[in-house]
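Here's a quick tour of a metal and ligand site. Have the viewer open and follow along.

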Amino acid sequence: MPILRSFHPSLEARIVTLIGILACVIVGLGILAIHKDSSALAAQERLTHDDAVVAATMRILSDLQNAETGQRGYLITGDSSYLDPYAAGIGNVYQDIRRLKKLLPGTPVNRSLIHHILLMTAAKLRELRKTIKLRDGRGFKAAAYLVDDNQGKKDMDALRRLLSGIRAHYRGKLKSEIAIARGRLKSTETLSIIFAGTLLVLLVIAWLNIRAKLRWKRRLTRSISARRYQMPVTGLPNHELLMDWLVYHLNWARREGGKVTLLLLDLDGFENIAGTHGDTAADAVLREAALRFRTTARSDDLVVHLGRDRFAVVMTNVAQESDMAEMGHRMIDTMSLPVVLDEVTVSVGISVGISIFPEDGKNPHQLLDAAIDAAVRAKAQGRHRVAFYKARTETQMSTQAQLRNDFHRALMDGEFCIHYQPIIDAKSMRLTGAEALVRWQHPELGMLPPAAFLLLAERTGFIRPLGAWILQQACTQAEMWRQNGLELRMSVNISAQQCRDSTFITELRHALNSSGLPHDLLELELTESVLMHEDAAKVIEHLGGMGISVAIDDFGTGYASLGYLRRISAHRLKVDRSFVRDIPQASATKLLNALVNMAHRLELDVTAEGIEVMEQEDYLRGIGCDALQGFRYSRALDVLEFENWSRKWAADAVA
Ligand code: C2E
Ligand code: CA
Ligand code: CA
């Protein structure tokens with residue numbers, strides 16, 4: 001998702017936030033500057049007030065200086081007896097004092113110098129007043145004189161001069177300062193407004209931009225979210241989802257102390273398919289593989305398609321390594337059946353590598369690497385195998401598990417073979433049939449009888465590819481013998497699983513068509529338990545329609561009633577070896593007798609199995625058994641042995 005990766009809304013949002021903060025700071029500084037400027041202005045304006053006070057004080061001082069002694073006495077003491085009612089100029093002083101009185105209480109004199117001057121003035125006045133009071137009673141003339149004292153006059157003069165000097169100084173400064181402060185205030189205001197306005201515009205533009213991008217991303221994400229996590233060919237989740245899934249589940253496992261199992265499924269020979277049959281066929285194989293993996297996995301397992309020929313399964317809640325291996329084998333089994341495409345049928349195997357959290361990897365990447373490692377090893381060991389990342393587990397695997405690991409390789413390498421046991425016609429004593437019995441020539445364990453591996457093959461589903469192979473092999477062999485003048489009815493054992501498999505009829509048709517064996521020369525042996533199954537009736541009917549006969553194998557060991565036999569259209573009963581073995585005990589002979597009679601009445605032929613001695617043969621022929629099979633004639637033989645045996649049997653019969 002390179003487009004999305006290139007866009008980080010968080011980064012842009014951060015830039016916008018930064019611009020916002022900057023705007024706030026600038027606006028704040030502006031407000032501060034305006035505040036400072038305006039308070040400076042206010043202070044300057046207070047100075048003009050102070051100036052007025054000083055001016056008034058000076059006027060009073062000069063009035064006092066200019067006043068006559070009597071007037072001064074009155075002004076300072078408030079005693080009207082000082083006054084010479086006829087003296088001129090008193091009105092001015094009155095006015096000034098009134099003005100000063102008005103100004104003084106509201107004067108927040110903060111200029112310490114002015115304050116000081118005023119205090120000095122006040123002190124001087126107080127001192128004068130005190131002197132007058134002290135001398136009060138001895139006559140006001142003396143007080144008036146004091147006030148008229150030259151020293152007092154001089155003091156006031158000095159004060160006045162000082163004040164006027166200061167006043168002249170700060171008056172000039174005051175004017176220019178006020179002008180500057182006014183100018184500054186104005187420019188600060190303008191600048192702040194310009195700055196804040198610009199930033200505000202920037203902020204709005206940036207935010208609109210982000211909003212548009214976010215909206216676009218959301219739309220894009222929504223439209224690709226399905227595709228983002230999906231592989232286009234198979235529709236399965238992809239590598240990205242696997243990683244997210246693992247992150248989540250590893251966290252969970254870390255918290256809860258659980259395990260997470262990762263199975264890597266590596267298709268074998270996939271490149272060949274693409275090379276030989278083209279990409280469309282290869283895609284079809286991938287789709288089929290995806291479907292099979294998905295149906296084989298448990299519902300809460302995650303199945304992903306990692307790349308061209310790699311799939312993976314994540315399992316949680318699995319603690320036993322044997323269960324993990326079991327899933328691996330099931331995946332191998334599900335791919336062991338060939339994939340039928342429009343024109344061709346291809347076989348794809350898989351190798352499975354397993355890694356486990358927390359042992360094999362601490363994070364999703366390590367875990368995946370470990371699983372890939374294991375899969376590569378599984379492939380190197382001979383394909384169709386399950387390998388754990390930690391080799392120790394493999395050495396601990398049971399013989400059964402090892403056998404199972406070997407199944408698919410063995411089938412490919414031709415280790416399975418079929419032996420044929422002759423079946424003799426009871427009347428003519430001629431060779432009329434053969435039963436195909438599978439064997440496994442294991443490289444280490446030697447020749448294995450079906451009992452050693454069939455149950456496992458059933459359980460694991462390997463019986464399906466194996467059974468298909470046996471069917472094909474037996475039909476081909478029977479047809480070859482027929483063309484060489486040895487016409488035999490070929491009996492093939494069919495397992496329950498095979499019978500239930502939806503592809504069974506297709507495989508059967510394929511075996512008959514490709515071999516060219518006439519349908520009536522094929523007989524399928526099904527055991528009672530298989531026949532009892534509901535689906536079987538349909539299959540048997542189908543077989544009947546194709547002209548293939550059905551034998552009920554191991555009759556008498558299961559639970560099928562004779563009544564049941566009437567309902568299914570079988571052609572033959574194979575009486576189990578256990579009855580033959582007990583001949584001539586009455587319990588066995590009575591039952592055998594009844595069985596043969598009943599079968600004949602139901603128009604079923606009877607084959608007796610496990611005939612080892614003449615006595616058994618004689619008895620069975622005597623009660624009308626139709627065919628005979630057992631070691632008395634021959635054990636199951638390989639093709640060459642069988643051909644030799646049949647020649648010898650024919651020659652003996654003539655002799
Ligand atoms: P079955 O179908 O009842 O096959 C007959 C078995 O009895 C064969 O054992 C055969 O070797 C053995 N047998 C034949 N004559 C005598 C005799 O006179 N005495 C004794 N003691 N045994 C005799 P085998 O080949 O070991 O097969 C065992 C079973 O494995 C078969 O029983 C059949 O159920 C199954 N099986 C064998 N081959 C196949 C196969 O190709 N497909 C399937 N689905 N099952 C098979
Ligand atoms: Ca059989
Ligand atoms: Ca049997």
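What follows looks at the two calcium ions, then at ligand 1, and ends with the cysteines.

Keep in mind that this is a predicted model.

**The calcium pair**

Let's start with the calcium ion (ligand 2). Its protein donors are Glu-435 (OE), Asn-493 (OD1), Glu-525 (OE) and Asp-553 (OD), lying 2.1 to 2.3 Å from the ion. Read along the chain, these donors give the spacing E-x57-N-x31-E-x27-D. Distant parts of the chain get linked here: Glu-435 sits in strand 9 (residues 431-442) and Glu-525 in strand 12 (residues 522-527), 90 residues apart. Both Glu-435 and Glu-525 are buried.

Now for the calcium ion (ligand 3). Asp-553 (OD) and Asp-554 (OD) coordinate it, and Glu-609 (OE) is listed twice, with distances of 2.2 to 2.6 Å. The spacing for this ion reads D-D-x54-E.

Which residue coordinates both ions? That's Asp-553, and the two calcium ions are 3.9 Å apart. Asp-553 counts as buried because its relative accessible area is 6%, under the 20% cut-off. Its neighbour in the donor list, Asp-554, counts as partly exposed at 25% relative accessibility.

**Around ligand 1**

Ligand 1 has 19 residues around it, and the closest are Gln-421, Arg-439, Arg-577, Glu-612 and Phe-631. Here are some of the polar contacts, with one atom from each partner:

| Residue | Atom of the residue | Atom of ligand 1 | Distance |
|---|---|---|---|
| Gln-421 | side-chain N or O | nitrogen | 2.8 Å |
| Val-438 | polar backbone atom | nitrogen | 3.1 Å |
| Asp-554 | polar side-chain atom | oxygen | 3.3 Å |

On its own, ligand 1 has 790 Å² of accessible area, and the protein covers 80% of that. Asp-554 ties the two parts of this tour together: it is a donor to the calcium ion (ligand 3) and also has a polar side-chain atom 3.3 Å from an oxygen atom of ligand 1.

Where do the shell residues come from? Strand 9, helix 15 (450-460) and strand 13 (549-555) each contribute at least two. Strand 9 has the largest share, with 4 residues. Strand 9 is also where Glu-435 sits. Sorted by class, the shell holds 7 nonpolar, 5 polar and 7 charged residues.

**A word on the cysteines**

How many disulfides are there? The count is 0. Cys-475 is buried, at 0% relative accessibility, and Cys-625 is buried too, at 5%.

Technical notes
Residues numbered from 1 in each chain as written. Chains lettered and ligands numbered in written order. Predicted model: local features only at pLDDT ≥ 70, side-chain atom pairs only at ≥ 80, totals over all residues. Heavy atoms only, no water. Donors = N, O, S within 2.8 Å, 3.2 Å for Na, K, Ca; no water. Buried < 20%, exposed > 50% of the residue type's maximum accessible area, 1.4 Å probe, protein only. Disulfide = S-S within 2.5 Å. Near = heavy atom within 4 Å. Polar contact = N/O pair within 3.5 Å; in protein donor to acceptor, adjacent residues only side chain to side chain. Areas by Shrake-Rupley, 256 points an atom, 1.4 Å probe, with all protein chains shown as cover. Nonpolar A, V, L, I, M, F, W, Y, C, P; charged D, E, K, R; others polar.
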